[in-house]
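Okay, thanks for coming, everyone. Let me put the model up and then walk you through a few parts of it.

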Amino acid sequence: MVAKGRTIYIAGAGIAGLTLALALAKFGATVVVLERTQTLQTAGAGIQISPNARCVLDRLGLSRQLTQSAFVPQAIDIYPFRRPRPLISLQIGQEAQERFGAPYAVIHRADLAEILFNACRRFANIDIQFGVRQFDLETHARGLSITVERTDHNTINARAFAFIGADGVHSCTRTLILSGPESEYSGYVAWRTMIPISMLADTGIIARDRTSLLWGPGFHAVAYPHPRHDRFNVALFTKEKLDDPQKISSVQTPSLPRMLLKSPQIEAIMENAIAGWSMWPLNAVSTSTWHKGPVGLIGDAAHAMLPFQAQGAAMGIEDAATLAPLLVTETDAQSALARYQSLRQKRVDRVQRISARNGVIYHMEWPFSLARDMVVSAQGPTGHFDRLNWLYGYDPNPEINTVQTIQHFT
Ligand SMILES: Cc1cc2nc3c(=O)[nH]c(=O)nc-3n(C[C@H](O)[C@H](O)[C@H](O)COP(=O)(O)OP(=O)(O)OC[C@H]3O[C@@H](n4cnc5c(N)ncnc54)[C@H](O)[C@@H]3O)c2cc1C
């Protein structure tokens, strides 16, 4: 039974927060999203949307928009260090569609943010408030009181059924309201840049229509095309000692050991990265404090992870799909959040572990890299999907279609 008239507040209009808003609004809940920034955040470059996340977004009615904006590479070409040709091409395009009923696609972050935002705007029962300076919560016998201070000096006082922190890796819902831990610097950074497709593809060194995964001693890199933007998205991951691991910095060139340039693909990337680089420290969150009373966490706020399995946003999308029906059907928010955590945490922990392990595997030095390459070759071009069926074939809410959805269009 869907309970009518519930109001849910969400901190953060990122991928997890907007997905949750959309999922809740479809069940008829009233949703208020509080976003710190003045406009929609589109920072970052590209994002891979695996079939487990895509199935959720498709169910929310976004299939057409995603198909228009995303690109589906047919394969991931894996290049061990200094190899001019791929060791193996892992099939993802048609193969993912056939196995999991959804493609494994790549999309520009700005496009994904806009698709989610525009979908939210069609619901009269979603209010997205930008420019939120801070919020304060008080729980009492009759529920939850919220005070929101805006940067324009207006204050909002409201009552809500639940408050969900989707406020990212440095979440203050986690640290200040739930007294949970700060995020921890992993020791890795991501160097990101965009390169015009023809500049990189014309070098003949990586394919223009596939994802390339480069492995090397102490680093790895991922490059995939966004044909709609005529750009390759490139992310290079290395270990760095940092003075301030909270800070994203724009820099001209990554300080790479000269040895990395012996990779023909890295050399081509460095030569063609005319737009400059930005450096992102990679922080992770490990906590079992996902909720207290009517206050809970989803997405990076609950479980930020290394992006080495490309699953951080996917886990936030799954969280939203699991939590939304619980928030509208359980008798109280505390039990909805407890059930949500019991359904989600084991899986998320497992994904966090494989993401961290990939860092070790991708960055292996010789001679261990030889054994790694033999194992990967032996798995064959579709072996990764057999191994990761539990990840990509997962349904975060098989009952979702049986709960009646209510649509409030503006
Ligand atoms: C290099 C790199 C590559 C990645 N690649 C992939 C990939 O291919 N696939 C994948 O699934 N994941 C990937 N990820 C992970 C993914 O980017 C994150 O997991 C995802 O963006 C987290 O979404 P979120 O909504 O939880 O948090 P965020 O995207 O961080 O959104 C949080 C929002 O909350 C707002 N906010 C913060 N504090 C407050 C506050 N106090 N009040 C109000 N609002 C607030 C922020 O402004 C922001 O809008 C990658 C990450 C990195 C670093």
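Before the ligand, a quick cut-off: a residue counts as near a molecule if its C-beta atom, placed from the backbone, lies within 6 Å of it. Also, this is a predicted model, where local features need pLDDT of at least 70, side-chain atom pairs count only at pLDDT 80 or more, and totals for chains, interfaces and linings use all residues. Numbering runs from 1 along each chain as its sequence is written.

So, the ligand. There are 33 residues around it, and Gly12, Gly14, Gly168, Gly299 and Gly312 come nearest. Helix 9 (312-329) is among the elements giving two or more residues to that shell, and helix 9 gives the most, with 4 residues. (Helices are DSSP runs of H or I, at least four residues; strands are E, at least two; both are numbered from the N terminus.)

Next, the sheet. Here 6 strands form an open sheet, ordered 7-2-1-11-19-18, with mixed pairing; to pair, two strands need at least two DSSP bridges. Strand 7 (126-129) and strand 18 (291-292) are at the edges with a single partner strand each, so one side of each has no neighbour in the sheet. Strand 18 pairs with strand 19 (residues 295-297) in the antiparallel sense, over 2 bridges, and His291 has Gly296 in strand 19 as its bridge partner.

Last one: which residues of helix 4 does helix 2 meet? Asp111, Ile115 and Ala119, which are met by Gly61, Leu62, Gln65, Leu66 and Ser69 of helix 2 (contact is C-beta atoms, placed from the backbone, within 7 Å).

How values were computed. Contact = placed C-beta atoms within 7 Å.
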